[in-house]
Amino acid sequence: MATPEESLAELREKASREALQMFHGNQDEAERWLKSPVLGLGYKTPAECFETREGIDRVRTLIARLEHGIII
């Protein structure tokens, strides 16, 4: 999903925007989700996963799956 040229900050911003979009622009709900343990991330919070490129990719993949109705 990520290109080698993208910085972690850029990737975090993309993932945050995608989370916000998943919650139809509801900032409070998106922030709550980002700070809550998620089964699809091994009960880590999405925010915890934002520390690495791989973690951000996992969050973005999970968001895409959830948006397409793929239950984990």
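# Four helices and one aromatic pair

Let me start with one residue. Phenylalanine 23 counts as partly exposed, because its relative accessibility is 22% and the buried class ends under 20%. I will come back to its ring in a few minutes. A caution before that: this is a predicted model.

First, the overall picture. The protein chain has four helices and zero strands, so there is no sheet to discuss. In sequence order the pattern reads α-α-α-α. The C-alpha trace spans about 30 × 25 × 20 Å along its principal axes. A compact globule of 72 residues would have a radius of gyration near 11 Å, and the protein chain has 11 Å, which agrees. Of the contacts with a separation of 6 or more, 49% join residues 24 or more positions apart. Buried residues make up 29% of the 72. The exposed surface comes to about 4700 Å², with 54% of that supplied by carbon and sulfur atoms.

Now the helices, beginning with α1. Its 15 residues should span 21 Å at 1.5 Å a residue, and the end C-alpha atoms are 21 Å apart, in agreement with that. Which residues of α1 are buried? They are Leu11, Ala15, Glu18, Ala19 and Met22. These buried residues cover an arc of only 100° around the axis, which puts them on the same side of α1. The general background is simple: an α-helix has 3.6 residues a turn, so residues three or four places apart point the same way. On the other side of α1, Ala9 and Gln21 are exposed. The cover over the buried residues of α1 includes α2 and α4.

After α1 comes histidine 24, with a positive phi near 55°. That is a positive value in a residue other than glycine. Histidine 24 sits in the loop between α1 and α2, and with a relative accessible area of 75% it is exposed.

That same loop brings us back to the phenylalanine. How many aromatic pairs does the structure hold? It holds one. The partners are phenylalanine 23 and tryptophan 33, in a tilted arrangement, 6.3 Å centre to centre with 50° between the planes. Phenylalanine 23 lies in the loop between α1 and α2, and tryptophan 33 in helix α2, so the pair ties together parts that are 10 residues apart in sequence. Is tryptophan 33 buried or exposed? Tryptophan 33 has a relative accessible area of 13%, so it is buried, given that the cut-off is under 20%. Phenylalanine 23, at 22%, is partly exposed.

On to α2 itself. Its buried residues are Ala30, Trp33 and Leu34. Seen down the axis of α2, they fall within an arc of 100°, so they line one face of the helix. Among the elements that cover them are α1, α3 and α4.

Between α2 and α3 there is a loop that holds tyrosine 43. Tyrosine 43 is not a glycine, yet its phi is positive, about 65°. Tyrosine 43 is exposed, because its relative accessible area is 56% and the exposed class begins over 50%.

The last helix is α4, residues 53–67. At 1.5 Å a residue its 15 residues should span 21 Å, and the distance between its end C-alpha atoms is 21 Å, which agrees. Buried here are Gly55, Ile56, Val59, Arg60, Leu62 and Ile63. They cover an arc of only 160° around the axis, which puts them on the same side of α4. Against what do the buried residues of α4 pack? They pack against α1 (8–22), α2 (27–34) and α3 (46–49). Following α4 is glycine 69, whose phi is positive, near 80°.

To sum up: the predicted model has four helices and zero strands. The buried residues of α1 lie on the same side of that helix, those of α2 line one face, and those of α4 lie on the same side of α4. The one aromatic pair links the loop between α1 and α2 with helix α2. That is all I have for today.

Notes:
Residues numbered from 1 in each chain as written. Predicted model: local features only at pLDDT ≥ 70, side-chain atom pairs only at ≥ 80, totals over all residues. Heavy atoms only, no water. Helix = DSSP H or I, 4+ residues; strand = E, 2+ residues; numbered from the N terminus. Expected span 1.5 Å × (residues − 1). Buried < 20%, exposed > 50% of the residue type's maximum accessible area, 1.4 Å probe, protein only. Arc of directions from axis to C-beta. Contact = heavy atoms within 4.5 Å. Rg over C-alpha atoms; globule rule 2.2 N^0.38 Å. Areas by Shrake-Rupley, 256 points an atom, 1.4 Å probe, with all protein chains shown as cover. Phe/Tyr/Trp six-rings, centres within 6.5 Å; stacked < 30°, edge-to-face > 60°.
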